[in-house]
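Q: Please take a close look at one residue and its surroundings. Then set that site against the rest of the chain, covering packing and charged pairs.

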Amino acid sequence: MKERRERSLDAGQLWEYALKSLAGRAQSMGELREKLRRRAARLADVDEILARLKEHRYLDDTRYAEGFASARLSNDSLGRGRVMRELRARRVAPALAERAVKKVYEGVDEEALIEQWVRRKYRLAPKENLFQDEKDLAAAYRRLVRQGFGSGAILRVLKRFAKNPDLLDGFEPPEETAEE
């Protein structure tokens with residue numbers, strides 16, 4: 001089977017490709033730059049097109065990062081750390097991502113988000129049997145850390161749901177990084 005080779009695009013075609021790509025979904029400048037570089041006949045065209053897109057306000061990393069963080073908070077109830085990781089994976093500058101997440105999560109009660117998450121994910125489990133064993137607590141803790149929540153808030157909420165909250169007293173959470 002032959003390997004399909006994408007054809008190189010000149011400046012006009014690259015402009016059309018960029019517009020179609022942005023029409024499909026919002027993208028950060030880093031994501032779009034990478035996509036355009038793979039298809040460009042001349043690499044110099046990529047920077048010119050990105051500048052034109054910025055000039056026409058089709059491309060704005062600040063607006064993108066704030067919209068992305070807001071969507072992750074309202075639709076998925078994710079924690080700050082997870083949103084930061086996802087923004088970095090989408091090639092948003094770390095300082096910009098941090099400002100956007102800080103702005104969106106200002107005034108958000110992390111413990112209430114965690115409680116919501118626990119109630120949603122364990123809604124079918126009988127409340128009295130929720131987190132009976134140490135392994136159940138550990139599994140819930142790991143899942144919440146992956147969702148981007150901070151260790152302290154996770155432990156406080158899990159103590160409220162645990163059948164035996166004393167199991168969590170001896171638990172030493174790992175050091176939290178700046179992204180959480």
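**One acidic residue and its surroundings**

A: Setting aside neighbours within four places in sequence, Asp61 is in contact with three residues: Ser28, Met29 and Leu96. The model is a predicted one. Asp61 belongs to helix H4, which covers residues 61-76. Asp61 is buried and takes part in no salt bridge. The nearest side chain of opposite charge is that of Lys54, 7.0 Å away. A salt bridge here requires a side-chain nitrogen of Lys or Arg within 4 Å of a carboxyl oxygen of Asp or Glu, so the 7.0 Å to Lys54 does not qualify. What the side chain of Asp61 does have is a polar atom 2.7 Å from the backbone nitrogen of Met29. Met29 is thus listed both as a contact of Asp61 and as the owner of that backbone nitrogen.

The wider chain comes next. The secondary structure consists of nine helices and zero strands, and the pattern along the sequence is α-α-α-α-α-α-α-α-α. Of its 180 residues, 38% count as buried. Among contacts with a separation of 6 or more, 63% join residues 24 or more positions apart. The chain exposes about 11,400 Å², with carbon and sulfur atoms supplying 47% of that area.

The helix that holds Asp61 also enters the nonpolar packing. The largest nonpolar core has 35 residues, and Leu87, Val118 and Phe131 touch the most other members. H4, helix H5 (80-89), helix H6 (94-104), helix H7 (110-121), H8 and helix H9 (151-161) each give two or more residues to this core. H9 has the largest share, six residues. Phe131, leaving out residues up to four places away in sequence, touches Val118, Tyr122, Asp136, Leu137, Ala140, Leu158, Phe161, Ala162 and Lys163. Another core lies apart from this one; it has 14 residues, including Trp15, Leu22, Ala40 and Ile49.

H5 can be followed in more detail. Its buried residues are Gly81, Val83, Met84, Glu86 and Leu87. H4 and H6 are among the elements that cover them. After H5 comes Arg91, with a positive phi near 65°.

Within H8 (residues 134-146) sits Ala138. Ala138 counts as partly exposed because its relative accessibility is 30%. Its C-alpha is 9.9 Å from that of Leu158, and the two are 20 residues apart in sequence.

Charged pairs give a contrast to the unpaired Asp61. The whole structure has 14 salt bridges. One of them joins the side chains of Glu31 and Arg25, at 2.9 Å from N to O. Glu31 counts as buried because its relative accessibility is 15%, whereas Arg25, at 37%, counts as partly exposed. Another salt bridge joins Arg160 and Glu111, at 2.4 Å from N to O. This pair links distant parts of the chain: Arg160 is in helix H9 and Glu111 in helix H7, 49 residues apart. Arg160 is partly exposed, at a relative accessible area of 46%.

A further salt bridge, between Glu115 and Arg119, has its closest N and O atoms 3.0 Å apart. Glu115 and Arg119 are about one helical turn apart because they are separated by four residues in helix H7. An α-helix has 3.6 residues a turn, so residues three or four places apart point the same way. Arg119 is partly exposed, with a relative accessible area of 45%. Glu111, Glu115, Arg119, Arg156 and Arg160 together are linked in a network of salt bridges.

Another charged residue, Lys35, is in helix H2, residues 29-39. The range of H2 also takes in Met29, whose backbone nitrogen lies 2.7 Å from a polar side-chain atom of Asp61. Lys35 is partly exposed, with a relative accessible area of 24%. Beyond four places in sequence, Lys35 is in contact with Tyr17, Ser21 and Gln27. Ser21 is 14 residues from Lys35 in sequence and 9.0 Å away from C-alpha to C-alpha.

To return to the site: Asp61 is buried without a salt bridge, and a polar atom of its side chain lies 2.7 Å from the backbone nitrogen of Met29.

Notes
Residues are numbered from 1 along each chain as its sequence is written. This is a predicted model: local features need pLDDT of at least 70, side-chain atom pairs count only at pLDDT 80 or more; totals for chains, interfaces and linings use all residues. Side-chain values use heavy atoms; hydrogens and water are left out. Buried means under 20% relative accessible area, exposed over 50%, partly exposed in between (1.4 Å probe, protein chains only). Lys and Arg count as positive and Asp and Glu as negative; His and the chain ends are not counted. A polar contact is a pair of N or O atoms within 3.5 Å; within protein, one must be able to donate a hydrogen and the other to accept it, and residues adjacent in sequence count only if both atoms are side-chain atoms. Contact means heavy atoms within 4.5 Å. A nonpolar core is a set of buried Ala, Val, Leu, Ile, Met, Phe, Trp, Tyr and Cys residues joined through side-chain atoms within 4.5 Å. Accessible areas come from the Shrake-Rupley method with a 1.4 Å probe; for residues, only the protein chains shown count as cover.
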